[in-house]
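Welcome, and thanks for taking a look at this one with us. Please open the model and keep it in view while you read.

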Amino acid sequence: MRATGPRLLLTMLCFASTAACSNAVDGDASPAPRQATTTQATTTPRPAPTSRTTTPVTTTPAPAAQVAEYMGADNGSYYFTSPSTKFECAVVTAPDPVAGCHGALPANAPTVPAAGGAGRVAPNAIRVTDSGAGEFASTGDPAFHRFDAPAKALPYGSPLRVQGFTCTVDETTGVTCASSAGHGFTVSDNAYRLW
């Protein structure tokens, strides 16, 4: 019975210790070599990508400008500025209907006959009439500036419709005014189009 005592003690020590003692036999007290244990990294499975659906953005046109808010002191004159204040514009319905603007005209605008008739000069205005194509002009005095009060800014995208003319302002392309006859202009500080 004495021979089993050390074995029992050894077995108990093996269970109590962290060393693996399963290979200790016949009184050999040296612990068995540790076996390498591998742990597998566990990964949480990722959910399958979901398809994104995009809802088309519907834009509603800006409401038309209230004509009365742009009326000048002179009967038949309507004034506005671009929101950037680079352009002052007007629609004047009498005596000769015209829509036009003064402002930061593009550097590549063509020269025009001087208002006084002496040679050609850089334009100070762009305009369209109800009977002709859009054009640059030298008007002498600012024909499209409101003198009786500050002109109200025309919001981007809101059309101002007066007596056959429609003017709008776009952040990218600038001011556009067109006549019901199909003529007009678009102007910004760096580009223009006449038709």
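Here is a short briefing on disulfides, salt bridges and a pocket.

Please keep in mind that this is a predicted model. The structure holds two disulfides and four salt bridges, and its largest pocket has about 170 Å³ of space.

**Disulfides**

- Let us begin with the pair Cys89 and Cys101, which a disulfide joins at an S to S distance of 2.0 Å.
- This link connects distant parts of the chain, as Cys89 belongs to strand S2 (residues 87–92) and Cys101 to strand S3 (residues 98–103), with their positions twelve residues apart in the numbering.
- The torsion about the S-S bond of Cys89 and Cys101 is about 105°, so this disulfide is right-handed.
- Both Cys89 and Cys101 are buried.
- The other pair to look at is Cys167 and Cys177, whose sulfur atoms are joined at 2.1 Å.
- Here too distant parts of the chain are linked: Cys167 sits in strand S10 and Cys177 in strand S11, ten residues apart.
- The link of Cys167 and Cys177 is right-handed, with 115° about the S-S bond.
- Cys167 is buried at a relative accessible area of 0%, and Cys177 is buried with a value of 0%.
- If you number the bonded cysteines of the protein chain in sequence order, the pairing reads 1-2, 3-4.

**Salt bridges**

- Among the four salt bridges is the one between Lys152 and Glu69, where the closest N and O atoms are 2.3 Å apart.
- Lys152 lies in strand S8 (residues 152–153) and Glu69 in the loop between helix H1 (4–16) and strand S1 (77–81), so this salt bridge ties together parts that are 83 residues apart in sequence.
- Lys152 is partly exposed, with a relative accessible area of 37%, and Glu69 is partly exposed at 41%.
- Another salt bridge pairs Glu135 with Arg127, and their closest N and O atoms are 2.9 Å apart.
- Glu135 counts as partly exposed at 33% relative accessibility, and Arg127 counts as partly exposed at 27%.
- Asp148 and Arg146 also meet through their side chains in a salt bridge, at 2.9 Å from N to O.
- How buried or exposed are the two partners, Asp148 and Arg146? Asp148 is partly exposed, at 44% relative accessibility, whereas Arg146 is buried, with a relative accessible area of 15%.
- Arg146 falls in the buried class because its relative accessible area of 15% is under the 20% cut-off.

**The largest pocket**

- The largest pocket encloses about 170 Å³ of space.
- Which residues lie closest to the centre of the largest pocket? Of the 14 that line it, they are Ser84, Lys86, Asp170, Glu171 and Gly174.
- Two elements give two or more residues to the lining of this pocket, namely strand S10 (165–170) and strand S11 (174–179).
- Strand S10 and strand S11 are also the elements that hold Cys167 and Cys177, respectively.
- By residue type, the lining of the largest pocket divides into four nonpolar, six polar and four charged residues.

Definitions and conventions. Residues numbered from 1 in each chain as written. Predicted model: local features only at pLDDT ≥ 70, side-chain atom pairs only at ≥ 80, totals over all residues. Heavy atoms only, no water. Helix = DSSP H or I, 4+ residues; strand = E, 2+ residues; numbered from the N terminus. Buried < 20%, exposed > 50% of the residue type's maximum accessible area, 1.4 Å probe, protein only. 1 Å grid on protein atoms, 1.4 Å probe; cavity = no way out; pocket = protein on both sides within 12 Å on 5 of 7 lines; lining within 4 Å. Points joined across faces, edges and corners; volume = space filled by probe spheres on them. Nonpolar A, V, L, I, M, F, W, Y, C, P; charged D, E, K, R; others polar. Disulfide = S-S within 2.5 Å.
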